[in-house]
Amino acid sequence: MTYQVLARKWRPQQFDDVVGQEHVTRTLKNAIAENRVAHAYLFVGPRGTGKTSTARIFAKALNCEKGPTPTPCDQCDACREIMNGTSMDVLEIDAASNTGVDHVRDLRDNARYTPVRGPFKIYVIDEVHMLSTGAFNALLKTLEEPPAHVKFVLATTDPQKVPPTIHSRCQRFDLRRISTTVIADSIGKIAKAEGVDIDQDALLAIARGAEGGMRDAQSALDQLISFIGKKIREPDVLSVFGLASRSALEDLAGAVLTGDIPQIIQRITELDESGKDMQRLVIELLEYFRNVLICMYAPDASDALDIPEAQATKLKEQAATSSPGRVLQIVQILTDAEGRLRYALSRRTLVETALIRSARAATVASIDEILKELNALKASLGGAPSAPVPSPAAPAPTRTEEKKAADATAPKKKSADVAEKVATPPASPPPAPSPPSPASAKLSGEELEAERHRLYAHWHDLTEQVGHVAPMADKYLMDAKPLRVETQHVTIGFDPEFESSKENMEMSRNRAALQRVLSRFLHRDVAIDFKIMDSSDTLPGDIKLPEGHSHAKKKEETNVPMEALTAEQKWMREPAVNRTLEMFNGEIIDIRE
Ligand SMILES: [Zn+2]
């Protein structure tokens with residue numbers, strides 16, 4: 001006996017076997033039972049959701065010797081021929097490989113002849129959006145005046161590309177992506193019947209990988225059986241399809257929500273090194289944060305979550321730690337990254353940057369929180385609060401808005417006692433932010449490592465700033481990483497494949513722009529070195545923030561005489577400025593006296 005692929009062997013033969021598309025099959029069954037069959041249908045839906053399977057069942061239902069009937073017998077010659085693809089009355093055309101007008105003319109001519117066996121001639125045109133304009137026009141003529149014995153089923157994954165004139169002549173059905181749990185159930189039944197030992201986690205992983213397509217899930221099971229055998233567990237599925245494990249996703253999402261950047265970098269390094277597909281990772285994270293949003297807005301709508309109960313519990317815990325405005329920002333950043341990922345030279349760098357930006361969006365103060373803080377600050381100074389706090393639904397601020405707010409609150413006078421008052425918070429004072437380091441002092445290894453971490457966390461913003469001064473430089477820097485920070489040098493590393501980006505950055509204009517931005521960011525003058533990374537270079541995944549380094553630094557800083565400080569460093573000594581920077585998670589970018 002020849003081996004038959006599972007997708008074929010388990011192709012649904014009755015309307016009731018089509019999984020997840022009851023809204024379509026029920027309507028078709030009724031139409032057949034009540035003899036109200038339209039002459040043309042358009043099936044729209046993602047790949048592998050059952051469009052052609054439904055079309056074939058529909059053809060059997062019409063041409064079965066016991067029909068037309070909503071439950072074709074699968075025994076008669078007509079049914080069997082259709083199942084084997086040998087029926088003269090059911091013609092399947094793949095528009096993707098037959099785009100030309102000639103083919104459609106043949107079809108039109110052929111349609112005039114009466115069917116060979118059954119009452120109807122049924123044309124199934126798959127991927128109909130691929131037809132040429134000429135072919136569409138030829139098809140349109142047939143659709144306008146079809147012979148009574150002709151039925152059309154057009155199928156497409158891309159309805160936008162099907163002309164409206166075709167749309168208007170068809171009855172349209174939208175086949176949905178099939179939910180993960182439904183796919184897992186269905187694949188589980190097939191596995192059982194095939195004598196495959198597979199656990200629930202592995203089934204869910206297959207379903208996740210199939211992205212709503214039953215056929216893809218069945219093919220995946222097929223592949224797994226041939227690669228691994230008849231005992232399949234989750235790690236097998238993950239490794240074969242380059243998927244991240246559910247727990248890795250949970251950890252990564254958790255790190256984003258809590259703003260744990262070192263953890264994000266470490267996780268991405270692990271996933272990248274174990275060969276996970278970065279594009280899939282971003283898609284899955286998007287799905288994850290969508291579920292977090294559902295937990296926030298509709299905590300009782302567990303159906304919409306489409307994940308098992310245990311995972312939903314974890315998700316709800318995470319949702320409780322954040323706010324919808326922040327999660328929406330994360331979704332925005334990830335959507336943007338997903339669009340660019342296809343063209344990215346270094347996917348890992350892009351994903352890392354996107355997640356770090358997401359982490360900052362998740363933890364940066366929102367506008368209502370800022371206003372609350374401002375009012376509290378005002379109250380502590382003896383003034384009555386004036387600005388009303390907006391509803392929690394207010395959108396989170398952009399960075400420039402925060403900057404403006406920060407500027408507006410910066411003291412106009414350098415009066416020390418006013419500054420002291422401002423600096424005395426009503427309750428538990430926050431820890432002092434890390435002050436700038438004077439160029440003369442030699443920084444400790446720990447401090448430099450912390451700076452490298454900070455540089456890495458702000459890398460995207462910094463490259464953007466460079467791009468404002470030296471257009472294109474930001475693009476070259478997207479392929480780079482801050483590799484080493486020394487007291488007077490910063491080394492920027494490029495992967496060997498981006499040697500041309502390195503060469504471009506070495507041009508004096510680009511180098512100078514980067515040097516200016518980094519010197520300003522580090523509050524001291526640094527020279528820039530570029531290098532191609534090799535295996536001896538540690539990646540920022542190894543970065544850990546040293547504990548209590550800010551205290552150590554503060555002590556050192558107070559020993560530096562006032563005259564030796566830059567204007568920025570002097571301002572940083574102002575408690576009010578420090579307090580404002582801390583409150584807004586900000587940094588000084590400009591001083592106007
Ligand atoms: Zn039959």
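Start by selecting V196: it has 20 C-beta neighbours inside 10 Å, so it counts as buried. Keep in mind as you click around that you are looking at a predicted model.

**Stop 1: around V196**

Colour by secondary structure and you'll find V196 in the loop between α8 (180-193) and β6 (197-198). Now show its contacts. Leaving out residues up to four places away in sequence, V196 touches A191, I225, K230 and I232. Pick I225 from that group: I225 sits 29 residues from V196 along the chain, yet their C-alpha atoms are separated by 8.0 Å.

**Stop 2: the nonpolar cores**

Next, select I206, V256 and I264. These are the residues with the most contacts inside the largest nonpolar core, which has 89 residues. Which helix gives the most to this core? Highlight residues 278-297 and you have it: helix α14, with nine residues.

Stay with I264 for a moment. Setting aside neighbours within four places in sequence, I264 is in contact with L252, A255, V256, L355, I356 and A359. Then jump to I82, L139, F152 and F173, which are among the 45 residues of another core, lying apart from the one you just visited.

**Stop 3: the two faces of α16**

Select residues 309-319 to bring up helix α16, and mark its buried residues, L315, Q318 and A319. Why do they end up on the same side of α16? They cover an arc of only 100° around the axis, and that puts them on the same side. What do they pack against? Turn on α12 (246-258) and α14: the buried residues of α16 pack against both of these.

Now spin the helix around. On the face turned away from the buried side you'll meet the exposed residues E309, A310, T313 and E317.

**Stop 4: the five-stranded sheet**

Last, find the open sheet. Its five strands run in the order β2-β3-β4-β1-β5, and the pairing is parallel. Which strands are at the edges? Select 90-94 for β2 and 171-174 for β5; each of these pairs on one side only. Neighbouring strands here are turned by 15° against each other on average, ignoring direction.

If you switch on hydrogen bonds, here is a handy bit of background: strands of a sheet pair through backbone hydrogen bonds, either parallel or antiparallel.

Zoom in on β3 (residues 121-126) and β4 (residues 150-156), which pair in the parallel sense over five bridges. To finish, click I122, and opposite it you'll see K151 in β4.

Key. Residues numbered from 1 in each chain as written. Predicted model: local features only at pLDDT ≥ 70, side-chain atom pairs only at ≥ 80, totals over all residues. Helix = DSSP H or I, 4+ residues; strand = E, 2+ residues; numbered from the N terminus. Buried ≥ 20, exposed ≤ 12 C-beta atoms within 10 Å, placed from the backbone. Contact = placed C-beta atoms within 7 Å. Core = buried A, V, L, I, M, F, W, Y, C linked by C-beta atoms within 7 Å. Arc of directions from axis to C-beta. Pairing = 2+ DSSP bridges. Axes fitted to C-alpha atoms, helices over the stretch in contact; angles between N-to-C directions.
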